[in-house]
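Let's take a look inside a protein and see where empty space is left. Have the model open while you read.

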Amino acid sequence: MNDKIHPLPDDTKTLQDMVLALQSQVESLQDEKQHLIEQFRLAQQKQFGASSEGHHPGQGELFNEAEAEVEQLDVEPVQETIGYTRSKPKRKPLPKDLPREVVVVDIADEDKVCACCNGELHKIGEDKNEKLEFIPAKVTVIETIRPKYACRACEKDGISNTIKQASVPASIIPKGYATSSLLSQIITSKYQYGLPLYRQEAMFKQYGIELSRKTMADWMIKSQLALQILYERMREILLQQSVIQADETTLKVIGEEKTTCYMWLYCCGTDSPNNNLPDAVCSLMPNIVLYDYQASRSGQCAADFLDGYSGYLQVDGYQGYAKTQATLVACMAHARRKFVEADTAHRVAGRPMSKTGKANMALNHIQKLYRIETKIKGKTAEEKYRIRQAEALPLLIQFKEWLDKSVLHVPPKTALGKALAYSINQWPKLIRYIEDGNLNIDNNRAERAIKPFVIGRKNWLFSNTPNGAKASATLYSIIETVKANGLVPYDYLNYLLSEIPTLQPEQSIDHLLPWEFAKR
């Protein structure tokens with residue numbers, strides 16, 4: 001370390017320059033210090049703090065991307081008056097379509113006598129209560145016998161020239177013993193409920209069945225190959241939609257050269273079917289969720305999947321999507337998330353620090369925009385466009401003026417400076433949602449759609465081979481699309497895996513699409 005103190009120059013101009021240079025250096029070091037402190041606090045928050053972004057009221061689950069769930073009692077408050085008013089929980093009734101076994105618990109006949117006059121008691125009413133009985137899965141062996149028939153008159157040397165026998169019933173796995181119901185159970189257990197194959201292997205052992213995970217993995221790949229035709233048809237229909245949302249997440253595949261691969265997601269429609277709309281309208285708005293496995297995050301992956309698509313593509317700020325031919329729409333939730341991080345970085349022990357007021361001002365601006373979205377939920381695209389133009393557009397103009405003014409007074413390396421820069425850089429795409437009533441204010445539909453894969457990934461951690469990852473992409477696509485159309489995945493898969501082997505090469509598969517199956 002050099003502790004030598006250099007003499008100061010006598011020239012006043014030189015001294016002033018030195019002071020200005022030192023001031024600039026101090027400001028730069030202070031900004032760098034503040035940036036490091038913010039990063040440290042954000043890391044602490046990510047590791048130990050609550051993940052919810054919903055501390056601003058009125059926005060609900062739109063911003064809560066955490067996988068932590070708030071435990072809530074499944075009850076409805078009922079007012080009961082007993083001298084005073086209090087809330088009494090009321091349990092929701094069990095579904096009426098479930099099979100019911102009626103058990104009558106009655107008193108003995110000799111007790112149906114009045115204790116006072118020995119007269120016969122008569123029934124004046126009854127009390128009922130319901131309990132839910134669970135019957136474990138039933139495993140059955142289906143033995144198929146195909147008799148052979150021959151003509152004795154045509155026999156020569158004990159060999160008949162005429163032998164007739166029924167053909168083998170069509171099956172996804174002709175030489176295997178997996179029925180469509182068994183395949184549906186394994187697929188839904190893994191891809192709907194995140195149950196790895198090695199755990200399913202242990203479950204089957206409880207029934208005395210030796211079913212290895214290797215065998216089940218082979219069945220998954222064969223099922224994927226059979227269902228690929230449906231996946232491709234849904235992709236064709238997806239590319240016909242005016243709006244598509246997309247997202248991507250990491251995936252480890254042992255058989256790939258790259259350490260990190262990606263599962264891309266493309267979706268349209270809503271999280272669940274809108275039963276209030278006419279069938280003619282619903283047919284124009286299919287709920288489709290498709291996964292696409294790729295070994296990289298290159299924008300060319302999205303460009304290849306969306307080849308020829310020129311509609312709206314709503315995504316986060318990842319620049320790779322710019323390689324597509326689509327008109328990009330940004331996500332307001334991502335812009336908001338940057339300001340939430342800025343707010344978190346500036347808070348110590350719950351007390352706001354400098355600049356936090358700006359972050360909260362941005363969050364309040366965005367909250368007003370989401371209140372408009374809440375108000376127009378369920379309205380037609382034309383009504384949404386009209387209301388957004390009248391109410392959201394003035395707020396957006398005001399927000400942009402505030403952003404341009406604030407960015408001049410905030411160091412760019414701070415969390416708040418980055419939040420401001422993100423919104424300004426994304427602004428043309430960020431406000432594009434007011435151009436068309438079919439667009440959403442954010443990309444949360446895609447983020448919610450990709451979450452089941454993220455949760456499942458935590459259970460099985462990785463895929464062994466690229467073929468396994470591709471099979472997962474197809475089967476996840478079927479499961480999530482079925483759920484988005486309000487169907488039970490097991491029932492639909494059981495039907496689908498029974499019908500696909502019977503299709504003729506020239507036969508259309510449109511009647512097998514989930515939203516068509518829902519009409520049955």
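A cavity here is a set of points, on a 1 Å grid over the protein atoms alone, where a 1.4 Å probe fits but cannot get out; lining residues have an atom within 4 Å of a point. Grid points are joined across faces, edges and corners, and a volume is the space filled by probe spheres set on the points.

This is a predicted model: local features need pLDDT of at least 70, side-chain atom pairs count only at pLDDT 80 or more, and totals for chains, interfaces and linings use all residues. Residues are numbered from 1 along each chain as its sequence is written, and side-chain values use heavy atoms, with hydrogens and water left out.

So how many cavities of 30 Å³ or more does the structure hold? There is 1, and the largest cavity has a volume of about 40 Å³. Among the residues lining that cavity are Val315, Tyr318, Gln426 and Lys429. Here is how the lining divides up, with Ala, Val, Leu, Ile, Met, Phe, Trp, Tyr, Cys and Pro counted as nonpolar, Asp, Glu, Lys and Arg as charged, and the others, Gly among them, as polar.

| Class in the lining | Residues |
|---|---|
| Nonpolar | 5 residues |
| Polar | 2 residues |
| Charged | 2 residues |

Now find leucine 393. At 28% relative accessibility, leucine 393 counts as partly exposed, that is, between buried (under 20% relative accessible area) and exposed (over 50%), using a 1.4 Å probe and protein chains only. Its C-alpha atom is 8.4 Å from that of isoleucine 431, 38 residues along the chain. Across the protein's 520 residues, 36% count as buried.

Note on methods:
1 Å grid on protein atoms, 1.4 Å probe; cavity = no way out; pocket = protein on both sides within 12 Å on 5 of 7 lines; lining within 4 Å.
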